[in-house]
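Grab a pencil and have a look at the two chains below. Try each exercise yourself before you read the solution.

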Amino acid sequence: MLRVQDLRFAYGPSPVLTGVTLDVAGGELCGLFGPNGCGKTTLFRCCLGLLEYQAGALTIDGLEVRRLDPRRLAGLVAYVPQEHRPPFPFLVKDIVLMGRTPHLTWFGRARRRDKQVVLETLEKVGILDLADRPYNELSGGQRQLALIARAVAQEAPLILLDEPTSGLDFSNQVRIWQILQSLAKTGTAVFACSHDPNHVAWFCDKVVAMNHAGVVAGGHPDEVMTESVLDRIYAGSCTVHSVAGVTTVLPRQVLGPEHQQRFGPVT
Amino acid sequence: MAHNVEPSDALDPAVDTVFSLRSRLGLLAALAAGLVAASAAALAMGAYRLSVADVWATVLARLGLIGEVLPASRLHDTVVWNMRLPRIIMAITVGAALSSSGAVFQGCFRNPLVEPYILGVSSGAAFGAALGIIYPWFPLSVQLSAFVFAALAVTTVYLLARVRGEPAIVTLVLAGVIVGAVFSAGVSMLTYLATNVQMREIVFWLMGGFYFSTWRDVAIATPLVALGVGGMYANGWTLNVLSMGDQEARSLGVHPEKIRRLLVVLATLVTAATVSSVGVIAWVGLMMPHAARLLVGPDNRFVIPCAVLLGSIYLVLCDTLARTLTASEIPVGIITSLLGAPYLAYLLRSRTRGLFG
C-alpha cells in the first residue's frame, strides 16, 4: 500500500532523510520507532504531501504522492495527529464528520451515507456515547479515540498515526493499540510511530527501526527487536529479555549486575 | 484494500436524530422574523413621528402594489423611502458583512478574538477617507478613496507577509499590525494638517455611522456584500476543517492556503465595501460570531448565517438608537462599543471555558 524507496529530504542544506526505504502492506499494522529527531515526523509529512521530497519515490496504492492534489491524497491516506485542543468546541460527531470531507458533495453537504459512516465508526471505536459532547472537553484518551474515528471515517486504505499513545494512561495506551490491530484486520494499512519500543514489539505485525542514518532494520518484531538493533538506536542503553514468552525491551540500568556484563558495570 | 464500513440497520434511525438540524434551522427562521420586525419598527421610529399604518401605506405605494404616492404623503415618502429605508438596508448590509467576515477571519486564523479589521482594512480605509476629505482635488470620491486604500493596505499586508510561498498566520497578523501602524500615522498626520471643519469630518467618519446612507450606497454595497457573504457561507464546512489547522485540513482533503486566500479575499472585500461607505464600526465583527456560537455551536455552516442575522438586527437596533436617543445623532460606532464591551466582559466572566477552551 505504502511504498517508500530511497527517499531523500533536506531542510535547506541539512539532510534529514538520506535514502529511506520501507513498505507497509494492506492489513498490516506497522510500527515505526527511533530516537527524537531521526526523521520520523519528516517521513510522515512527506507521506501526507505536506513536504515535497527531493529524491526517491513515495507511492500510495501505486500513485506518486507528489503528483496528487490534497483531495485525491485524502482519499488514499488518513492522518491521526497527536491529540490536541482546537480553538473551537466542535462536537465529536462533527469532528468525525470532518473525516468525510473528501467524500462530501458541493458546499460540504453531508449525505445520509456520510452520517451513517460517522455513527458506525463511533460505535466501532467505542465512543458512540460521546457523539454529542464537545471535543475540547474530553479527556486526552477520548480525544485520541475521536481523532482515530475521524481517520477511520475517511475510509482511506492507509492510516498514519503520529505517536497515538503519547500522553495517555496505560490502559488507554493498550486500548488504542488494540483498536489499531482490529483496524488492520479489516484490511487497512496502519502505520504508527511510537517512542516506546515495547509497544511496537507487542502490538505490531511489523516494525521499522530508524536512527539518524536512516532505516536500521525492518521486519517481524522478533527479528527487529534485538540488542544489536537497539544498540544502534539507543547507544547501548537497552537490553532485550523474554518476559512470560513476550519479547520485552528493558533499560539496562534496572537490571542487576549479572545482566550487564557485556558492557561492564554502569558508572 | 480500502477499508469499508458496512451500513448497519441498527444505527439507521439514529442518523436522523443525531444529525438533526431542526432546532438550529428553527432558530435561524426566528432570527429572520426578528430582523423583519426590527426593520419595520425602525422604519416607524425617528425624529419625524409616523404611525405604522403611514409607513406601510408609503412602502406599498412605492412598490406600486396598493395606492400611489399622493401629494399629501410626499413628506412621508421622503422620510420613509429616501431617508430611513436606505439607512436600514445599509445597517443590515453592514451588519451582515462585518459579522460574517468576523466569523471567517476567526476560523481562518484559528483565533476567536480576531476581528475583520485585523489585516489593516480599517486603517487603510480611514487614511483614504481622510485623504479625500482634506484634498478635494483628489481624483477619487471619499468613499472610493477609502475602498482603494483599504484594498491597498490588505494587499501590502499580504505581500509583506509572503516570505516564501503562502504566508503563515503569525506573519500575516504581524504584517497587519505594521501596515495598520503606518496608515494610522498617516491619518494622524492628515488630521494634524486639516482645518477645523475637515478635522471634525474625519473624526466623524472614523466613528462610523449611517447618517449619509442613500440608495446609491445601497446599490453599490449591498450586491457586493450579498455576493461575498454567499461565497463565505458556501465554504462554511471547509472553514470548519480549516480551523483544525493547516496540516489536518490538508490531510482531510482541503487545500489550506488556497481556501484561506479565497476566504480572506471575500471577507476583506465585504469589509472594505462597508467601511468605505459607513466608516469604522467596531465590535460587531468580534461580538456577533461569538453570540452566534453560543446559539448554534461552532459549526460555521450555521455560525455564518446566524451571525449575519444577529449582526443585522444589532446594527438596525443600534442605528435606531443613534437616531432617536438624543436630539442630534450619535455616531453608531459609539453605541456598538458601549453595548459591545460589557457583552464581551460578560462572556469573559461566564463562558470562558466553552468559548476559548
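What follows is a set of three exercises with worked solutions.

This is a predicted model, in which local features need pLDDT of at least 70, side-chain atom pairs count only at pLDDT 80 or more, and totals for chains, interfaces and linings use all residues. Residues are numbered from 1 along each chain as its sequence is written, while chains are lettered from A and ligands numbered from 1 in the order in which they are written.

**Exercise 1.** Work out how many helices and strands chain A has, and why its radius of gyration fits a globular protein.

Step 1: Count the elements. Chain A has 9 helices and 12 strands; these are DSSP runs numbered from the N terminus, with helices being H or I of at least four residues and strands E of at least two.

Step 2: Check the radius of gyration, taken over C-alpha atoms, against the globule rule of 2.2 Å times the number of residues to the power 0.38. For 267 residues the rule gives 18 Å, and chain A comes out close to that at 20 Å, so it is as compact as a globular protein of that length.

Step 3: Add the span. Along its principal axes, the C-alpha trace of chain A covers about 65 × 40 × 35 Å.

**Exercise 2.** Now zoom in on Val20(A): is it buried or exposed?

Step 1: Place it. Val20(A) sits in strand S2 (residues 14-24) of chain A.

Step 2: Count the crowd. A residue is buried if 20 or more other C-beta atoms lie within 10 Å of its own, exposed if 12 or fewer, and partly exposed in between, with C-beta atoms placed from the backbone. Val20(A) has 23 of them within 10 Å, so it is buried.

Step 3: List the partners. Two residues are in contact if their C-beta atoms, placed from the backbone, lie within 7 Å. Skipping neighbours within four places in sequence, Val20(A) touches Val4(A), Leu7(A), Leu43(A), Gly214(A) and Val215(A).

**Exercise 3.** Describe the contact between the chains, looking from chain B.

Step 1: Chain B brings 37 residues to the contact and chain A brings 40 residues.

Step 2: On chain B's side, helices H1 (12-18), H10 (236-242) and H11 (246-251) each supply at least two residues. H10(B) gives the most, with 5 residues.

Step 3: Sort by class. This side of chain B has 17 nonpolar, 15 polar and 5 charged residues; Ala, Val, Leu, Ile, Met, Phe, Trp, Tyr, Cys and Pro count as nonpolar, Asp, Glu, Lys and Arg as charged, and the others, Gly among them, as polar.
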